[in-house]
Amino acid sequence: MPESLPEDVADVLGLVLNPDEPIHVALRRQVPQLRVQSRCKCGCGTAYFDLDADALEPAPTGPGTVVADVQLFTETGECPGEVLVFAQGGYLSWLEVCSWSDDGEVNLSAARRWLQPSS
């Protein structure tokens, strides 16, 4: 059974989906309806979504499935990975946290911290 959308997943989607891009605005409307169907077992935080597509309009995402791709930068300026958001048929389908090396821990918690605007 799908679980409610955890706060960390909702936060990262809010930080990655640009409120100034029309396609992202349409996808942001889906976030309150998202549920986590499953998560990656490695601890990275990747989440696969479930939602009631009959209750929502699809976003005009085009033929590709990657709708957002944001590189992660640490406090020291290193780029250890990225966050990708995927859609299928105009509906959010998963959020992926990618590490580019085995040197550091890139997970959803770290991505959430690194995506926060500097104060």
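**The core, helix α3 and the salt bridges**

Let me begin with the largest nonpolar core, which has 33 residues, and in which Leu-13, Phe-49, Val-85 and Leu-95 touch the most other members. Two or more residues of this core come from each of α1, α2, β3 (47–50), β4, β5, β6 and α3, and α3 is the element that gives the most, with five residues. I should say at this point that we are looking at a predicted model, and I would ask you to keep that in mind throughout.

To stay with one of those core residues for a moment, Val-85, once its neighbours within four places in sequence are left aside, is in contact with Leu-13, Val-16 and Leu-17, with Thr-65, Val-66, Val-67 and Ala-68, and with Leu-92, Trp-94 and Leu-95. Two of these contacts, Leu-13 and Leu-95, are themselves named with Val-85 among the residues that touch the most other core members.

That brings me to helix α3, which runs over residues 108–115 and in which Leu-108, Ala-110, Ala-111, Trp-114 and Leu-115 are buried. If you look down the axis of α3, these buried residues fall within an arc of 160°, so they line one face of the helix. As for what they pack against, the partners are α1 (7–16), β2 (35–39), β4 (66–72), β5 (81–88) and β6 (91–99). At the start of α3 there is also a polar detail, in that a side-chain oxygen of Asn-107 reaches to within 3.1 Å of the backbone nitrogen of Ser-109.

Now to the charged residues. Side chains of opposite charge can pair when their charged atoms come close. How many salt bridges does the structure hold? There are four, and I will take three of the pairs in turn.

In one of them, Glu-7 pairs with Arg-112, and their closest N and O atoms are 3.2 Å apart. This pair links distant parts of the chain, given that Glu-7 is in helix α1 and Arg-112 in helix α3, 105 residues apart. The two partners fall into separate classes of accessibility, Glu-7 being exposed at a relative accessible area of 58%, while Arg-112 is partly exposed at 23%.

Another salt bridge joins Asp-8 to Arg-39, with 3.8 Å between the closest N and O atoms. Here Asp-8 lies in helix α1 and Arg-39 in strand β2, so the pair ties together parts that are 31 residues apart in sequence. Arg-39 is partly exposed, with a relative accessible area of 29%.

In a further pair, Arg-113 forms a salt bridge with Glu-75, and the closest N and O atoms are 3.2 Å apart. Again the link is between distant parts of the chain, from Arg-113 in helix α3 to Glu-75 in the loop between β4 and β5, 38 residues apart. Arg-113 counts as partly exposed, at 46% relative accessibility, whereas Glu-75, at 60%, counts as exposed. Beyond the separate pairs, salt bridges that share partners join Glu-7, Asp-11 and Arg-112 into one network.

I will finish with Gln-30, which is found in the loop between α2 (22–28) and β2. Is this residue, Gln-30, buried or exposed? At 1% relative accessibility it counts as buried, because the cut-off for that class is under 20%. Its contacts, leaving aside neighbours within four places in sequence, are Leu-51, Leu-56, Glu-57, Pro-58 and Ala-59, together with Gly-90, Tyr-91 and Leu-92.

Technical notes
Residues are numbered from 1 along each chain as its sequence is written. This is a predicted model: local features need pLDDT of at least 70, side-chain atom pairs count only at pLDDT 80 or more; totals for chains, interfaces and linings use all residues. Side-chain values use heavy atoms; hydrogens and water are left out. Buried means under 20% relative accessible area, exposed over 50%, partly exposed in between (1.4 Å probe, protein chains only). Helices (H or I, at least four residues) and strands (E, at least two) are DSSP runs, numbered from the N terminus. The arc is that of the directions from the helix axis to the C-beta atoms. Contact means heavy atoms within 4.5 Å. A polar contact is a pair of N or O atoms within 3.5 Å; within protein, one must be able to donate a hydrogen and the other to accept it, and residues adjacent in sequence count only if both atoms are side-chain atoms. A salt bridge is a side-chain nitrogen of Lys or Arg within 4 Å of a carboxyl oxygen of Asp or Glu. A nonpolar core is a set of buried Ala, Val, Leu, Ile, Met, Phe, Trp, Tyr and Cys residues joined through side-chain atoms within 4.5 Å.
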